[in-house]
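Q: Please take a close look at one part of this model. I would like its setting in the chain as well.

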Amino acid sequence: MISFKKYIKGDTVIWLITVLLLILSIPAVYSASAMISHKSYQGDMHFLLRQIFAVFMALAVVYV
């Protein structure tokens, strides 16, 4: 198994909780906004893609 201690500094538990919450936010945003996105943007993936982008940016900012 890859040792993440080399790449991630700080408390491992806080990193795990943060990543878990960010991952759980993706289906929550999709289920809450699919119909609104479908009516407004002719596709149900608009807010989902924005959330995924925001999750990756948040992880990058926290890592830096």
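A: The close look is at S37, followed by the chain around it.

This is a predicted model, where local features need pLDDT of at least 70, side-chain atom pairs count only at pLDDT 80 or more, and totals for chains, interfaces and linings use all residues. Residues are numbered from 1 along each chain as its sequence is written, and side-chain values use heavy atoms, with hydrogens and water left out.

S37 lies in helix α1, residues 12–41. Helices are DSSP runs of H or I with at least four residues, strands are E runs of at least two, and numbering starts at the N terminus. S37 has a relative accessible area of 1%, so it is buried (under 20%; exposed is over 50%, partly exposed in between; 1.4 Å probe, protein chains only). Its side chain reaches the backbone nitrogen of H46 at 3.4 Å. Beyond its neighbours within four places in sequence, S37 is in contact with Q42, G43, D44, M45, H46 and F47. Contact means heavy atoms within 4.5 Å.

Now the setting. The protein chain has two helices and zero strands. Its radius of gyration is 15 Å, well over the 11 Å that the globule rule gives for 64 residues, so the chain is more spread out than a compact globule. That radius is taken over C-alpha atoms, and the rule is 2.2 Å times the number of residues to the power 0.38. The C-alpha trace spans about 45 × 20 × 20 Å along its principal axes. Of the 64 residues, 14% count as buried.

Methods:
Polar contact = N/O pair within 3.5 Å; in protein donor to acceptor, adjacent residues only side chain to side chain.
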